[in-house]
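Good morning, colleagues. Please take a moment with the sequence and the model before I begin.

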Amino acid sequence: MQAAGTATSLTRSLAIAYALLIAYACLHPFTGWRTTGLPLFDYLFAPWPKYVRMEDLVLNVLGYVPLGFVLAPSLPPRLGRFGTIVVTTFLAGLLSLSIETTQNFLPTRISSNVDLGCNTLGAFVGAVLGVLWGRRLFGVQGWLHRWRSERIIPGRTGDLGLILLGLWLLTQLMRESMIFSSGDVRQLLQLPTALPFDPGQFIALEATLVATSMLAIGLLARCMMRSGHPLPIAVLLLLAVAAKSLADYSFFDPGAPMAWLTPGSRNGLAIGAILLTGAMLLPRIHQHALAGVAVLIATTLTNLMPENPYLAVGQRLLDHGNFLNFHGLTQFVAGVWPFLALAYLSALGLWRGEHLHTR
């Protein structure tokens, strides 16, 4: 019973986290609230729009497929397959209805019954997939649940840690940030650059930032793992490299998937690999402390470093609504992620500090 509860807890936490991300992306930037004077639900009866971008329709559908996929396995099995699909689609549709209605009060957003329909369709597709394969993946006998039980500390502490790592991967889709970096509060608050740009100094700072960021994320992942096997950490770093390459390919014209591999980042990867390998040999309690220090150093460097002028060359200006929404989401997550990581490390020491004293 405990194992089943853990599996449900993980999927429920994933569904809540994903729903919050959707809400933020659709309501960003949360400014200019006003009333239009029109009936609140008038948009539900609007005719088919004259101009529709197929990309927007597809993205609206795809955006809700993961929500339906993780929400379906979190519901009680007694609902049955049909009941699970119906309830999942209803809950996701209710979320979309709430967001679309709230957009009535934002001047930069347009409430749309087409978006509502596409979102609900995506949730339905995800619910069907979740019913067919979700329980096999997240259930007690699923390989993901078995992997989690073997590799990650139990309870909600482990669930929150996995979600935190997933959010970190999302931050790597920022087109203007350096590999592995996050926590640019200066950009969120639109503050001026602290240091002037100097090529030699920038390379050294970038190498230090990449190395400390690599050390921070590697040790953070180690703190929530049962054992010190390096393979999950290596996979996590490779996924981050893939995400960064995808972002650079998508946001540069022509596509440049390796734009992030600058001289500074190349040196930082080499130094970070050496530091992380050595840190993996330390006692876990020391790894926990070093992870917090590395997060603080990396975040400080992120906010002190000047902007790289070469990154602005060849960037595509994506003025389509869905891309702007996604960029606002990743920018927000990247800004707050280090502080969430520090809070998690503190909570980990308080709630599960005993496991840090094992090798």
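Phe90 lies in helix H3, where helices are DSSP runs of H or I with at least four residues, strands are runs of E with at least two, and numbering starts from the N terminus. Is Phe90 buried or exposed? Its relative accessibility is 53%, so Phe90 counts as exposed; the term means over 50% relative accessible area, while buried means under 20% and partly exposed covers the range in between, with a 1.4 Å probe and protein chains only. Thr120 is 30 residues away from Phe90 along the chain, yet their C-alpha atoms are separated by 7.9 Å.

Before going further, I should say that this is a predicted model, in which local features need pLDDT of at least 70, side-chain atom pairs count only at pLDDT 80 or more, and totals for chains, interfaces and linings use all residues. Residues are numbered from 1 along each chain as its sequence is written, and side-chain values use heavy atoms, with hydrogens and water left out.

Let me stay with helix H3. H3 covers residues 80-102 and packs against helix H4, residues 113-138, at an angle of about 150°, the axes being 8 Å apart. Axes here are lines fitted to C-alpha atoms, for helices over the stretch in contact, and angles run from 0 to 180 degrees between N-to-C directions. The crossing of H3 past H4 is right-handed; that is, the near helix is turned clockwise from the far one by less than a right angle, and anticlockwise would make it left-handed. Among the residues making the contact are Thr84, Thr88, Ala92 and Gly93 on H3, and Asn119, Thr120, Ala123 and Phe124 on H4. Contact means heavy atoms within 4.5 Å. By class, this contact holds ten nonpolar, seven polar and four charged residues. Nonpolar stands for Ala, Val, Leu, Ile, Met, Phe, Trp, Tyr, Cys and Pro, charged for Asp, Glu, Lys and Arg, and polar for the others, Gly among them.

Gly117 also belongs to helix H4. With 40% relative accessibility, Gly117 counts as partly exposed. Its C-alpha is separated by 8.2 Å from that of Gly93, 24 residues apart along the chain.

Turning to helix H1, residues 2-27, we find Ala23 there. Which residues does Ala23 touch, not counting those up to four places away in sequence? They are Phe30 and Ile99. Between Ala23 and Leu95 there are 8.4 Å in space, C-alpha to C-alpha, for residues 72 apart in sequence.

A second helix pair deserves attention. Helix H8, residues 199-223, and helix H11 have axes that come within 8 Å and cross at roughly 145°, and H8 passes H11 in a left-handed crossing. On the H8 side, the residues that meet H11 include Leu205, Thr212, Leu219 and Cys223; on the H11 side, they include Gln287, Ala291, Val295 and Leu301. The residues of this contact divide into 14 nonpolar, six polar and two charged.

How do these two helices compare with their expected spans, taken as 1.5 Å times one less than the number of residues? H8, with 25 residues, reaches 36 Å from its first C-alpha to its last, close to the 36 Å expected. H11, residues 284-304, should span 30 Å for its 21 residues, and its end C-alpha atoms are indeed 30 Å apart. H8 is mostly covered, with 19 of its 25 residues buried. In H11 the buried residues include Arg284, His288, Gly292 and Asn303.

Gln287 lies in H11. At 1% relative accessibility, Gln287 counts as buried. Leaving aside neighbours within four places in sequence, Gln287 is in contact with Leu219, Arg222, Cys223, Ala279, Met280, Leu281 and Leu282.

One backbone detail concerns Phe180, in the loop between helix H6 (155-171) and helix H7 (185-189). Most residues other than glycine have a negative phi. Phe180 has a positive phi, near 75°. At 3% relative accessibility, Phe180 counts as buried.

I close with the chain as a whole. It has twelve helices and zero strands. Buried residues make up 47% of its 359 residues. Of the contacts with a separation of 6 or more, 82% join residues 24 or more positions apart. The chain exposes about 17,900 Å², of which carbon and sulfur atoms supply 71%; these areas come from the Shrake-Rupley method with a 1.4 Å probe, and for residues only the protein chains shown count as cover.

Definitions and conventions:
The expected span of a helix is 1.5 Å times one less than its number of residues.
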